[in-house]
Amino acid sequence: MSAEPNVILRTEKLKDHEDVYKLNSIAFENREDEPQLVERIRLSEEFIPELSIVAEENNEIVGHILLSEAKVINEQEEHKVIVLAPVAVKPSYQKQGIGTKLIEEGLKRCKDLGYGLILLIGHPTYYPRFGFKPARDYGLELKQFDVADEVFMVCEIIKGELDRVEGELIYPKTFFMN
Ligand SMILES: CC(C)(COP(=O)(O)OP(=O)(O)OC[C@H]1O[C@@H](n2cnc3c(N)ncnc32)[C@H](O)[C@@H]1OP(=O)(O)O)[C@@H](O)C(=O)NCCC(=O)NCCS
């Protein structure tokens, strides 16, 4: 099914914070972890305002994506990358392409900002359609979370970046506070 024709995507504003909290809470089955993570990232150094994007229909927020800065380190160097977390669509609006639109817009904005790699921990059947592939196959490691190879994924949005960047993904401390 295609997205509702009048869904618009825009950068999140201050007045949206409460609705974005509620949306993340509902989409993640009333868990507080994801909405609270969004709140913490917004206050952190890794927050990039234009990478907090909402999908709005008839003045209602029905989707949200947040991408923020992280780094990949190795013994020689450190590279800035982007991590995607979380993305959420209101349950009654799911499977209409809104998640796809949010992710595609997020990737485009990251590229425009000059970031070459997006990493995430996510559903291995959902993200490959956007170009995500298992990150450990490309010399990237994740030790902070004990996750299977297929859920730790990377998307190269600037060609050649995967040849240039190798090492361990370090999620900012914001991801580990409660
Ligand atoms: C994941 C999510 C954002 C997708 O949004 P959406 O608007 O429904 O996505 P789209 O309509 O663009 O795409 C729907 C596709 O996503 C797939 N999908 C949705 N949730 C999925 C999941 N948990 N695992 C695998 N695939 C999933 C659907 O099966 C569908 O696949 P199809 O196109 O092959 O039929 C939405 O389902 C959601 O908010 N889920 C709860 C929160 C969550 O798990 N977020 C992701 C982790 S950060």
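This is a short tour of the ligand site and one salt bridge in a predicted model.

Before you click, note that residues are numbered from 1 along each chain as its sequence is written, and that side-chain values use heavy atoms, with hydrogens and water left out. As the model is predicted, local features need pLDDT of at least 70 and side-chain atom pairs count only at pLDDT 80 or more, while totals for chains, interfaces and linings use all residues.

**Stop 1: the ligand and its shell.** Select the ligand, then show the 17 residues that surround it, each with a heavy atom within 4 Å of the ligand. The closest are Val89, Lys95, Gly97, Gly99 and Thr100. Colour the shell by type and you will find 8 nonpolar, 7 polar and 2 charged residues; Gly counts as polar here, and Asp, Glu, Lys and Arg as charged.

**Stop 2: polar contacts.** Now look for pairs of N or O atoms within 3.5 Å. A polar backbone atom of Val87 is 2.9 Å from a ligand nitrogen, and one of Gly97 is 2.7 Å from a ligand oxygen. Next, select His123: a polar atom of its side chain lies 3.1 Å from a nitrogen of the ligand.

**Stop 3: a salt bridge.** Move to Lys22 and Glu18, whose side chains meet in a salt bridge at 3.5 Å, N to O. The term means a side-chain nitrogen of Lys or Arg within 4 Å of a carboxyl oxygen of Asp or Glu. The structure holds 14 salt bridges.

Terms used
A polar contact is a pair of N or O atoms within 3.5 Å; within protein, one must be able to donate a hydrogen and the other to accept it, and residues adjacent in sequence count only if both atoms are side-chain atoms.
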